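Work through the exercises below with the model in view. Each task is followed by a solution in steps.

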Amino acid sequence: MDPLTAAYQDLAARVAPLAEQPHLVVAAAAVIVAVLLVTYVVWDTLAYAAIPTLDVPLKQEELAETLDAEQYSPPKTLPKDKIPCYDPGTLQFLGYAKAMTPDEVRASIAKAKEASKVWRSSSFKQRRILLRVLLKYIITHQEEICRVSSRDSGKTPLEAVLGEIIVTAEKLRWLAAEGEDALKPQRRSAGVMAFYKAARVEYVPVGVVGAIVPWNWPFHNVINPISAAVFAGNAIVIKVSEHASWCASYYARIVNAALAAAGAPPGLVQFVTGYGDAGAALVAGGVDKVVFVGSTEVGAKVMAAAAPRVTPVTLELGGKDAFVVCGDADLAQVVPIAVKAAFLNCGQNCASGERYIVESSIYDSFCSRVAETANAMRQGPALGHGPVDTGAMCMPGSVEKVQRLVDDALSKGARALSGGKPNAAAGAGQFYPPTVLVGVTKGMAIWHEEVFGPVMVVVPFSGDDEAVALANDCAFGLGSSVFSGSTRRARAIAARLEAGMTSINDFNATYMCQSLPFGGVKMSGFGRFGGVEGLRALCVPKAVAEDAYPFMKTTIPAPWLHPVGAAAQPFAVALTTMFYGPSLALKARGLVGLLRCLVAPGGGGGKAKRA
Ligand SMILES: NC(=O)c1ccc[n+]([C@@H]2O[C@H](COP(=O)([O-])OP(=O)(O)OC[C@H]3O[C@@H](n4cnc5c(N)ncnc54)[C@H](O)[C@@H]3O)[C@@H](O)[C@H]2O)c1
């Protein structure tokens, strides 16, 4: 018996008794998992031990849970060159942010440009340190970051942890762990005629990224593009929303402290506060790439403004996600997810469940269960008044916009199973309650327009073709969900949905997988942010080809030397036939033609002719 077979038989004989003692197998597996876990924790702890700890002082109003009514009452007159900032839950006045002028925006771009020249040759190691400094601060100061976000945008502290912290932490972790792999030069095949070449793509930083972001997740919306842009070797000028400018002051202090701790050049990240004119100045001001996150209407303007300089744009625009629930889905799982998908952050999410397409067999049960939860949800100011399930709408005018869409639907025959009018009982702030609408038809504006508020529209379907047709009957195509007890059925429906992202038996799971691209189709925009594709979109994918072998290099064949002779074109035809001829006979014909050209009079090209 050969030694290998003997060793195998010996191992098999030793392992066989274990099959009769499954508890030993389970115990061994548990020990292995525990060792792996401990190794991971120790590794992570050591990786972060040397990472500097930031000290970012907070202002009085950033620290307080409740604000004194007198001290924070609105001013009588509002200056034009400043942005007034309010708490949407109490309407207390928080102070002013600067409304930067176009000249000030251009000055910020110039500073970023200088910093980008240094940072583009920074090492991935240094970029990872920057991300880890940020992550360390974020995890140890979650409460502060969330309190400030809640104060400025109206969301509850729980919502802030879910949407501001968790996804940001995962983004930073993913970038540090896998970002370098996504950006290191990638080998490509050289092809047939260039067989002697080595081909690769190098991901070169674009230079200065100009990012314009909305107010709905004011912390995540800034750290998300900043972390990706600087990890890709760029500087970034980021324009925050005029409706979330107060909190940007704290978030800018965090970022600047992290840059200093990581030894990054000052000016690498520039914050811009201002109105639309500041955003327009950023787009037209000479940045190398524009990332716009906001409404479809403004996105179209941004695209037009980027055209004269042919500045590349990524547009992350509005959404109106379809949420398909098949009759065989597990309602106990689906209902709580459906409620979160519609009402998280008061429905102010680009990828928010807005159109619930539910199979007729479970339609009534689904509607009554979501309405029961919606009716039980408590609403109020996010801070200082005990836990609430949902907070205020961030933007002045949002409550009225939602009411217009709901009123239109109700006047045309829809019914509200919960909510349906502003919630004055919740307090002085901008409150619209969780609203479930049934009986919605295509003639109603709410079926087509993005609500960006806490309204769940539920319609029934019969047969998967109808579910797909209803889901695709929409100008937007950002996220989508399909729930079914049969993965096969869910996948088949998902494959037919016109959307940039689909989660099967979940909602927005694609965003928790930060390796995946984020973005939409149709009026939801184009280009991708997030994941490998999003990171590479912040670079120029530069094609490079060089000689693969030192003894082979490109020389122009003799028949092609100028002035060319009669054999020049037949030589090219023969060469093409030899390399690409789809049969042996054709390839042989190409080779013979090639040799003929070389020996023919004039086959030596210009030199031969001259001789
Ligand atoms: N797809 C996504 O990733 C995503 C994420 C969040 C929000 N959104 C969308 O954002 C919208 C809500 O956010 P919003 O109300 O802040 O959007 P918005 O389009 O009104 O504003 C977004 C930003 O654009 C700026 N701006 C305004 N006019 C400009 C101009 N002419 N040139 C350049 N910039 C200009 C604003 O000052 C703001 O900072 C919703 O439609 C929502 O779906 C999309």
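**Exercise 1: a nonpolar core**

Task: find which residues V222 touches, leaving out residues up to four places away in sequence.

Solution. V222 touches V213, I238, V240, Y251 and F271, where contact means heavy atoms within 4.5 Å. This is a predicted model, in which local features need pLDDT of at least 70, side-chain atom pairs count only at pLDDT 80 or more, and totals for chains, interfaces and linings use all residues. Residues are numbered from 1 along each chain as its sequence is written, and side-chain values use heavy atoms, without hydrogens and water.

Next, place V222 in the largest nonpolar core, which has 97 residues. A nonpolar core joins buried (under 20% relative accessible area, 1.4 Å probe, protein chains only) Ala, Val, Leu, Ile, Met, Phe, Trp, Tyr and Cys residues through side-chain atoms within 4.5 Å. V222, Y251 and F271 are among the residues that touch the most other members. Helix α9 (residues 246-261; a DSSP run of H or I, at least four residues) gives the most to this core, with ten residues.

Last, a second, separate core of 33 residues includes V406, A409, I446 and A471.

**Exercise 2: domains**

Task: state how the protein chain is divided into domains.

Solution. The domains, with bounds from an automatic or database assignment, are domain 1 (14-50), domain 2 (106-317 + 535-543), domain 3 (321-523) and domain 4 (555-599). Taken over C-alpha atoms, the centres of domain 1 and domain 2 are 39 Å apart.

Key:
Buried < 20%, exposed > 50% of the residue type's maximum accessible area, 1.4 Å probe, protein only. Helix = DSSP H or I, 4+ residues; strand = E, 2+ residues; numbered from the N terminus.
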